[in-house]
Amino acid sequence: KIVNPYSYIEELDQAFDIMEEIATVSSNKNLATRMQRTLNSLSRKVKEIDENMDKSVNYDENLAILRGDIYGLTEIIEGGIQDYISAENAHFSIIRDEMVEQCRTAFQICFLIVVAVSFFAWMLSMMASRSVTRPIRQLCDMAKLLAKGDFSARTDTEAEDEIAVL
C-alpha cells in the first residue's frame, strides 16, 4: 500500500501543536517544539528521497537515506512522544496524589466539624432539657414534702412561667 508520508507528517505536526498547548509540564512545551524541528528534518529527508526518485538516483543512495536518516529521525520522534507521555503521566500522578490528600484532609475536617456540631447540639439539648425538668423536679419534691405534712415547703424558683405559678 502506497501512502503519502506528507499527510502523516502534517498530522503529526498538528498533534505537536496541540501537545505544546496542553502540556502541563513546562519541559514538555519545549519538547513538542523540538519534536516539530525533528519532524521538519524528517520532512526534508522524505522530500530528498522524492527528488532522488524523480532524478532516477541510485536505489542504494535512497536506501541509505531511509536507513540512516529517516529511521533515526522517526526513532527520535517516537522517543520524544514517549518522554512527553511519561512526563505528563508523572505530573498527573502527582496531581492525583495531591487531590487524594486534599480530599482526605477535607474529609477529616468535615468529620471534626460534624463531631463538634453534634457535641454542641447535645450540650444545648441537655441544657434545654435541664431548664425544663429542673423546675418540675423541684415542684415534685415540694409536693412530696407537702404530702408528708410539711406546709412550710417553698421553692426558690425566680421565673415567672407556669411552673413558678404552680
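What pattern does the protein chain follow, read along the sequence? Here it's α-α-α-α, so let me walk you through what that looks like, with helices being DSSP runs of H or I, at least four residues, and strands E runs of at least two, numbered from the N terminus. The chain has 4 helices and 0 strands.

Quick caveat: this is a predicted model, where local features need pLDDT of at least 70, side-chain atom pairs count only at pLDDT 80 or more, and totals for chains, interfaces and linings use all residues. Residues are numbered from 1 along each chain as its sequence is written, and side-chain values use heavy atoms, leaving out hydrogens and water.

Okay, overall shape. The radius of gyration is 42 Å, well over the 15 Å from the globule rule for 166 residues, so the chain is more spread out than a compact globule. That radius is taken over C-alpha atoms, and the rule is 2.2 Å times the number of residues to the power 0.38. Along the principal axes, the C-alpha atoms fill a box of roughly 135 × 30 × 20 Å.

Now, two helices. α1 (residues 5-22) and α2 (residues 26-54) pack at about 170 degrees, axes 9 Å apart. Axes are lines fitted to C-alpha atoms, for helices over the stretch in contact, and angles run from 0 to 180 degrees between N-to-C directions. The pair is therefore roughly antiparallel, meaning an angle over 145. The contact (heavy atoms within 4.5 Å) includes I9, L12 and F16 of α1 and M35, L39 and L42 of α2.

Last stop, the largest pocket. A pocket is an open set of points on a 1 Å grid over the protein atoms alone, where a 1.4 Å probe fits, with protein on both sides within 12 Å along at least five of seven lines; lining residues have an atom within 4 Å of a point. Which residues lie nearest its centre? P5, L42, V46, L66 and I70, out of 18 lining residues. α3 gives the most to that lining, with 8 residues.

Note on methods. Parallel < 35°, antiparallel > 145°, perpendicular 65-115°, else oblique.
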